[in-house]
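Visitor: I have a few minutes before my next gel. Can you walk me through this one?
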Amino acid sequence: MKKTTTKQAFIPKMYCNLFGHDYQVTKKVTYHVKEYTCSHCKKQLTTSSNGSLIELTPKFKEINAILERIHNSRMERSKEKRIVSSIY
Ligand SMILES: [Zn+2]
């Protein structure tokens with residue numbers, strides 16, 4: 001049982017080693033920060049503060065969740081601003 005599970009996880013990784021990861025955007029955190037997941041091995045990446053791609057660790061997941069909240073509240077505020085400015 002244990003052997004098969006290891007093998008199953010190993011094959012997609014092998015595939016990625018040979019052909020490279022196939023990252024797909026799974027979440028847009030802000031305009032610049034996105035989360036990516038490899039469709040083969042499920043490895044997750046995110047955009048770091050300097051714009052490069054790094055592994056999505058639980059710590060970065062937390063940071064992204066906070067970023068997303070800030071980003072969304074800013075969006076809400078700018079939407080309100082736009083509505084207000086369109087009235088006046
Ligand atoms: Zn992969």
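Visitor: What geometry does the site of the zinc ion have?
Guide: Tetrahedral, with angles of 104 to 116° among the four donor atoms. Keep in mind that this is a predicted model.
Visitor: And what's the ideal angle for four tetrahedral donors?
Guide: The ideal is 109.5 degrees.
Visitor: Which atoms coordinate the zinc ion?
Guide: Three SG atoms and one ND1. The sulfurs come from Cys-16, Cys-38 and Cys-41. The nitrogen is ND1 of His-21. Distances run from 2.0 to 2.4 Å.
Visitor: What spacing do the donors follow along the chain?
Guide: The spacing is C-x4-H-x16-C-x2-C. Within that set, His-21 and Cys-38 link distant parts of the chain, 17 residues apart. His-21 is in the loop between α1 (2–19) and β1 (23–28). Cys-38 belongs to strand β2, residues 34–38.
Visitor: Is Cys-38 buried or exposed?
Guide: Buried, because its relative accessible area is 0%, under the 20% cut-off.
Visitor: And His-21, how accessible?
Guide: His-21 has 35% relative accessibility, so it counts as partly exposed.
Visitor: Let's zoom out. How many helices and strands does the chain have?
Guide: Two helices and four strands. Along the sequence the pattern reads α-β-β-β-β-α.
Visitor: What share of the residues counts as buried?
Guide: Of the 88 residues, 17%. The accessible surface of the chain is about 7,400 Å². Carbon and sulfur atoms account for 59% of that surface.
Visitor: What about contacts between residues far apart in sequence?
Guide: Take the contacts between residues at least 6 apart in sequence. Of these, 23% join residues at least 24 apart.
Visitor: Back to single residues. Where is Leu-45?
Guide: Leu-45 sits in strand β3, residues 44–47. At 8% relative accessible area, Leu-45 is buried.
Visitor: Which residues does Leu-45 touch?
Guide: Leaving out residues up to four places away in sequence, Leu-45 touches Tyr-23, Lys-34, Glu-35 and Tyr-36, and also Leu-53, Ile-54, Glu-55 and Leu-56.
Visitor: How far is Leu-45 from Phe-60, C-alpha to C-alpha?
Guide: 9.5 Å, for two residues 15 apart along the chain.
Visitor: Now His-71. Where is that one?
Guide: His-71 is in helix α2, which spans residues 58–87. His-71 is buried, at 15% relative accessible area.
Visitor: What is His-71 in contact with, beyond its sequence neighbours?
Guide: Setting aside neighbours within four places in sequence, His-71 contacts Val-29, Thr-30 and Tyr-31.
Visitor: Switching to the surface. Which residues make the nonpolar patch?
Guide: Met-14, Tyr-15, Leu-18 and Phe-19 make a nonpolar surface patch of about 450 Å². Tyr-15 is in helix α1. Tyr-15 has 36% relative accessibility, so it counts as partly exposed.
Visitor: Last one. What is phi of Lys-42?
Guide: Phi of Lys-42 is near 65°, a positive value in a residue other than glycine.
Visitor: And what sign is usual there?
Guide: Most residues other than glycine have a negative phi.
Visitor: Where does Lys-42 lie, and how accessible?
Guide: Lys-42 is in the loop between β2 and β3. At 56% relative accessibility, Lys-42 counts as exposed.

Conventions:
Residues numbered from 1 in each chain as written. Predicted model: local features only at pLDDT ≥ 70, side-chain atom pairs only at ≥ 80, totals over all residues. Heavy atoms only, no water. Buried < 20%, exposed > 50% of the residue type's maximum accessible area, 1.4 Å probe, protein only. Contact = heavy atoms within 4.5 Å. Areas by Shrake-Rupley, 256 points an atom, 1.4 Å probe, with all protein chains shown as cover. Donors = N, O, S within 2.8 Å, 3.2 Å for Na, K, Ca; no water. Tetrahedral: all angles 85-135°; square planar, octahedral: opposite > 155°, others 65-115°. Patch = residues over 30% accessible without salt bridge, like charges linked within 9 Å, V, L, I, M, F, W, Y side chains within 5 Å. Salt bridge = Lys/Arg side-chain N within 4 Å of Asp/Glu carboxyl O.
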